[in-house]
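The report that follows concerns salt bridges and the burial of the residues that form them. Please keep the sequence and the coordinates at hand while reading.

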Amino acid sequence: MSTSSSSSSSSSRPLILSLELSLERLSALAVDADSLAVVRTERVEFGKEQLEFNTHGGVHHSEAQTIPPEMWIKAIDVLFEKLQSMSFPFSTVRALTTAAPLPLPLLFSPSARKLLSSLSPLLPLHPQLFPAQPSPSLLANPYAPSPLASSGLPRTHALERALPPETWTTLTGARPSSASAPAHLAQVHEALRHRAAHVRGPGAFLVSALAGCVRDMGEGEAAGMGLWNVWPRKDEWVEEACETVMGGSEEGGLRLQEMLGNVEKFGDEKTQFVGPYLVERYSFSPTCLLPPALPQPLALLLALRPPLSSQDALLSLGTSDFLLAPLPLSQDDPAQAHVPPPQAMARVLPDPRKAGAERVVMIENINAGPARTSIRQHSGAMSWSAFDVLIAAVPPGGSVGLDDKLFLFVFPQPEQLRSNSSAAAYGVYRFETGVRVIEFGDLRANPRALLESQFLSLRRRLSLCLPSANSTRPPPTLHRIYATGAPTRSSQIPQLAADVLGADVLVAREGGRTPEGAWGAALAAWRDESGAQWNWEEFDKKVQEKLDVFQAEVQRTQTQADTSRAGEEALAGGVRFAPSHIRRNTGPLSPLPEVLELPAVDSQPEPSSSTPSATANVAHALSEIFSRTHASPSPPASPAPRQEEGGGAARRGFERVGLADRDAWEFYAALGVEFERLEGMCGGY
């Protein structure tokens with residue numbers, strides 16, 4: 001699937017081409033390097049276009065879920081051939097950027113450097129980097145662990161026995177989990193000793209193929225490895241963690257650090273370009289920049305451009321849900337961020353928008369999307385619209401009474417929940433009046449009970465990451481949540497998130513057209529005239545200048561329409577307006593209409609949060625602001641969303657779809673102790 005918007009002069013304008021790798025697909029987004037207008041989007045669906053790899057959604061769903069990385073390389077071939085067949089102007093690409101999942105450890109073979117440096121432009125990448133056996137290939141291990149896999153859980157317990165969870169968190173910003181890089185590296189540490197030459201994440205893997213050499217990881221990808229010291233002034237691989245992964249061997253720990261290589265820090269990246277292969281085969285410019293890859297969560301943070309303050313967060317709903325929020329600075333050391341406790345099961349990452357002590361904390365619910373799909377099917381809802389109806393039909397907590405609240409926990413894969421849990425939670429756990437039951441008395445309660453549990457888990461773990469968590473009932477820690485993903489189009493889920501998390505929920509306007517991570521990676525590479533990395537404050541200033549011009553145009557058009565009494569329409573500068581629906585406002589730009597329409601989504605799995613049909617298109621949101629007036633507001637859904645005070649968030653292309661309610665927040669706060677008790681019981685069944 002592809003989309004394009006071109007003009008007679010677009011072929012000569014400088015472009016930024018950004019690739020986004022997800023579990024299900026490889027997506028491409030081309031934007032104008034000067035105006036940031038979207039020029040083209042394209043994608044390759046692994047499960048539909050690469051059937052020879054026999055994956056479902058890009059993953060081998062066996063007992064040990066794995067991914068064949070060679071599928072990604074072949075997808076690059078297919079994607080570039082698609083673009084080339086459409087006469088895409090590769091020669092005008094100023095920067096080629098990438099966004100990839102949080103690191104899955106990939107083991108490069110000793111032949112990797114030779115294979116990458118000897119690529120022939122006459123052949124595709126795939127047969128050269130992954131030739132038929134017995135010739136050596138790019139990777140020492142042909143399969144990578146899926147981020148949804150739980151096969152590393154036994155190793156997780158062993159790692160935490162050797163190095164306490166508190167030490168892991170203090171040194172690396174994250175404790176090992178069943179899907180983490182340390183757990184999977186510990187599983188293959190013998191192969192690391194004898195068959196691997198380099199260890200890289202998926203982003204550096206793609207960048208290496210595009211560069212024709214083994215490239216270092218960026219700071220964001222290194223932090224996601226769970227072996228990098230994420231705190232300021234450290235900037236090194238943690239010796240104790242590397243030694244623990246290699247079975248306690250000091251020599252093995254040093255060898256692992258060598259294989260992990262150097263790290264390119266944010267704001268201090270070396271200027272590096274695409275490899276000769278892309279120059280000769282696709283006519284890329286030899287000066288086309290190829291910066292380090294960004295992890296998807298950080299790319300998404302840049303893509304949505306939310307003005308995150310200490311009380312704002314980014315919520316992504318998809319195959320796995322995650323909440324991204326700024327970490328407060330430590331009271332003991334203002335030059336360092338607060339260290340979350342191990343019980344939060346959180347991950348600390350550097351903030352790509354800032355340099356210094358600022359860090360963000362990421363809290364993830366693995367397999368949350370498959371859990372929602374399973375419960376939707378179990379409840380008899382044939383569509384996601386019907387799923388919404390069931391959510392609305394059941395009162396908060398699943399019951400009208402005060403003492404018989406319903407809790408539902410669904411774990412499609414074994415998952416560790418608590419720091420002292422030696423058993424994995426796996427399966428479906430329902431609790432009614434504090435007792436585990438096979439099924440609720442009212443089958444309709446399942447959707448709401450599941451969603452409440454998922455959001456309560458995020459809420460509880462986030463509160464542990466903040467210094468005020470010691471209070472028995474602290475005030476709401478969040479003010480705004482910027483949400484993305486297909487579930488945000490629901491008529492009920494955003495409001496439920498607002499109720500549980502105690503914050504207004506906002507989504508990007510004009511959603512559903514471009515891959516968000518690719519857009520964030522493109523923004524990261526956007527550079528000003530001097531060649532320095534783009535200054536976000538300057539970016540906001542330029543956006544505001546365009547908004548001021550736009551507002552003046554709106555007012556001028558309104559005056560013309562009123563004077564001529566043209567009736568229903570007025571044309572000005574090629575833009576169509578409907579005067580009867582334009583808000584009369586002589587002050588700052590009016591907030592955008594906050595309307596939520598739920599499209600019919602009747603496919604079996606939950607819609608992916610990274611597909612062009614399901615993601616928020618920030619580029620189109622900006623272009624809409626620059627080029628046309630507000631649409632006619634539709635009657636608000638219940639509960640009615642309110643306008644953004646002052647229009648600040650609306651001016652950045654966001655609309656409010658969930659309204660915080662203090663009474664609802666207090667209600668869910670009262671469930672917190674019981675929720676934590678029951679969640680802890682899941683691993684015991």
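A residue is called buried when its relative accessible area is under 20%, exposed when that area is over 50%, and partly exposed in between. The model discussed here is predicted, and every value below is computed from it.

**Overall picture**

The protein has 685 residues, of which 59% count as buried, and its secondary structure comprises 24 helices together with 24 strands. About 26,800 Å² of the protein is exposed, with carbon and sulfur atoms supplying 52% of that area. Where contacts join residues at least 6 apart in sequence, 74% of them link residues at least 24 apart.

**Salt bridges**

How many salt bridges does the count come to? The count is 23, and three of the pairs are set out here with their N to O distances.

| Pair | N to O distance |
|---|---|
| R215 and E264 | 3.9 Å |
| E258 and R255 | 3.8 Å |
| E439 and R430 | 3.4 Å |

The side chains of R215 and E264 are joined by a salt bridge with an N to O distance of 3.9 Å. This pair links distant parts of the chain, since R215 lies in the loop between α9 (202–211) and β10 (217–218) while E264 belongs to strand β11 (residues 263–264), the two being 49 residues apart. R215 has a relative accessibility of 2% and therefore counts as buried; E264, at 5% relative accessibility, is likewise classed as buried.

The salt bridge between E258 and R255, at 3.8 Å from N to O, has another setting. These two residues are three apart in helix α12 (residues 250–260), so about one helical turn separates them. With 55% relative accessibility, E258 counts as exposed, whereas R255, at 26%, counts as partly exposed.

In the pair formed by E439 and R430, the side chains meet at 3.4 Å, N to O. Is E439 buried or partly exposed? Its relative accessibility is 27%, and because the partly exposed class spans the range between 20% and 50%, E439 counts as partly exposed. R430, by contrast, has a relative accessible area of 7% and is therefore buried.

**A linked group**

Salt bridges also connect residues beyond simple pairs: R13, D32, D34 and R94 are linked in a network of them.

How values were computed
Residues numbered from 1 in each chain as written. Predicted model: local features only at pLDDT ≥ 70, side-chain atom pairs only at ≥ 80, totals over all residues. Heavy atoms only, no water. Salt bridge = Lys/Arg side-chain N within 4 Å of Asp/Glu carboxyl O. Helix = DSSP H or I, 4+ residues; strand = E, 2+ residues; numbered from the N terminus. Buried < 20%, exposed > 50% of the residue type's maximum accessible area, 1.4 Å probe, protein only. Contact = heavy atoms within 4.5 Å. Areas by Shrake-Rupley, 256 points an atom, 1.4 Å probe, with all protein chains shown as cover.
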